[in-house]
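Pull up the model and let's walk through how its pieces fit together. A helix pair comes up early, then a sheet, then the nonpolar cores.

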Amino acid sequence: MEKVIKPTSLAEQAYSLLKQSIISGKLAPKTELTEERLANDLGVSRTPLREAIRKLAMEGLIDLNKGKPATVATFTKEDSLDYLELRRVLEIYNIENIVLNDDGQLIKELENNLKEQMKAISSNDFQDFMNYDREFHLILASQNKNRKIKQLIHQMNTGINRAFLILSNTVEMSAIEAYHEHLRIIEAIKSKDLELSKREMMMHLKKVEDRFLIYFKREEEQ
């Protein structure tokens with residue numbers, strides 16, 4: 001039976017165009033997203049536009065304001081560091097709970113994800129890389145039996161992923177470093193060395209913080 005390929009919906013098209021405009025900086029933080037103007041610019045009606053805006057708000061890229069137009073989200077140095085502190089607490093604890101229980105399936109998923117990370121890097125598709133980078137951490141969280149911990153890790157990675165999207169001008173320099181940090185985490189988990197696995201995750205998140213701080217230092221010096 002021949003498969004029917006569904007065309008991309010208007011909402012998905014509006015979502016992709018808006019997301020790219022935010023990532024590229026074309027739509028700066030705090031920019032008001034007036035529905036009428038955006039609908040005209042994107043060539044869609046307000047219904048798919050609103051769906052796209054809701055989806056981007058769930059990703060942390062847009063702030064919804066009661067009684068006012070949505071705005072492109074902002075974040076601060078303090079926000080970023082707060083997210084990272086929470087990630088360290090949650091993700092290192094998560095490692096403690098999953099390493100010794102892996103039956104091999106986790107490693108397969110992580111290695112497949114890592115292949116996609118390298119494909120994205122090789123293609124200079126850093127938006128794709130960021131998506132796989134985030135997915136890597138969510139795969140680890142998916143192994144935890146505590147649903148609340150999984151939800152919190154998901155939430156924290158969404159916030160951090162938001163920051164990486166805005167800082168996409170630094171991703172080209174840090175993507176290959178992050179890839180190798182992920183590789184070391186996989187190797188540690190594969191060896192079922194709990195302390196090494198925790199240490200590699202701690203080092204990775206410390207490197208993520210260092211990359212944030214380099215960005216903010218440059219911004220402050222300008």
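What follows is a short tour of this predicted model.

Let's begin with helix 2 (residues 35-42) and helix 3 (residues 46-58), whose axes come within 10 Å and cross at roughly 105°. An angle from 65 to 115 degrees counts as roughly perpendicular, so helix 2 is roughly perpendicular to helix 3. Who does the touching? On the helix 2 side you'll find E35, E36, L38, A39 and L42, and they meet R46, L49 and R50 of helix 3. By character, that contact splits into four nonpolar and four charged residues, with no polar ones.

Next up is the sheet. It's open, has three strands in the order 1-3-2, and pairs antiparallel. Strand 1 (32-33) and strand 2 (62-63) sit at the edges, each pairing on one side only. Two bridges join strand 1 to strand 3 (residues 70-72) in the antiparallel sense, and L33 has A70 of strand 3 as its bridge partner.

Now for the nonpolar cores. The largest holds 25 residues, and the ones touching the most other members are L106, L110, F129, L140, I189 and M201. Helix 4 (77-98), helix 5 (105-122), helix 6 (126-142), helix 8 (168-190) and helix 9 (194-221) each give two or more residues to this core, with helix 8 supplying the largest share, seven residues. For a close-up, try L140: leaving aside residues up to four places away in sequence, it touches N94, I98, L106, L110, I189 and M201.

There's also a second, separate core of 17 residues, and its members include Y15, L33, I62 and A70. That brings us back to the sheet, where L33 and A70 are bridge partners.

Notes:
Residues numbered from 1 in each chain as written. Predicted model: local features only at pLDDT ≥ 70, side-chain atom pairs only at ≥ 80, totals over all residues. Heavy atoms only, no water. Axes fitted to C-alpha atoms, helices over the stretch in contact; angles between N-to-C directions. Helix = DSSP H or I, 4+ residues; strand = E, 2+ residues; numbered from the N terminus. Parallel < 35°, antiparallel > 145°, perpendicular 65-115°, else oblique. Contact = heavy atoms within 4.5 Å. Nonpolar A, V, L, I, M, F, W, Y, C, P; charged D, E, K, R; others polar. Pairing = 2+ DSSP bridges. Core = buried A, V, L, I, M, F, W, Y, C linked by side-chain atoms within 4.5 Å. Buried < 20%, exposed > 50% of the residue type's maximum accessible area, 1.4 Å probe, protein only.
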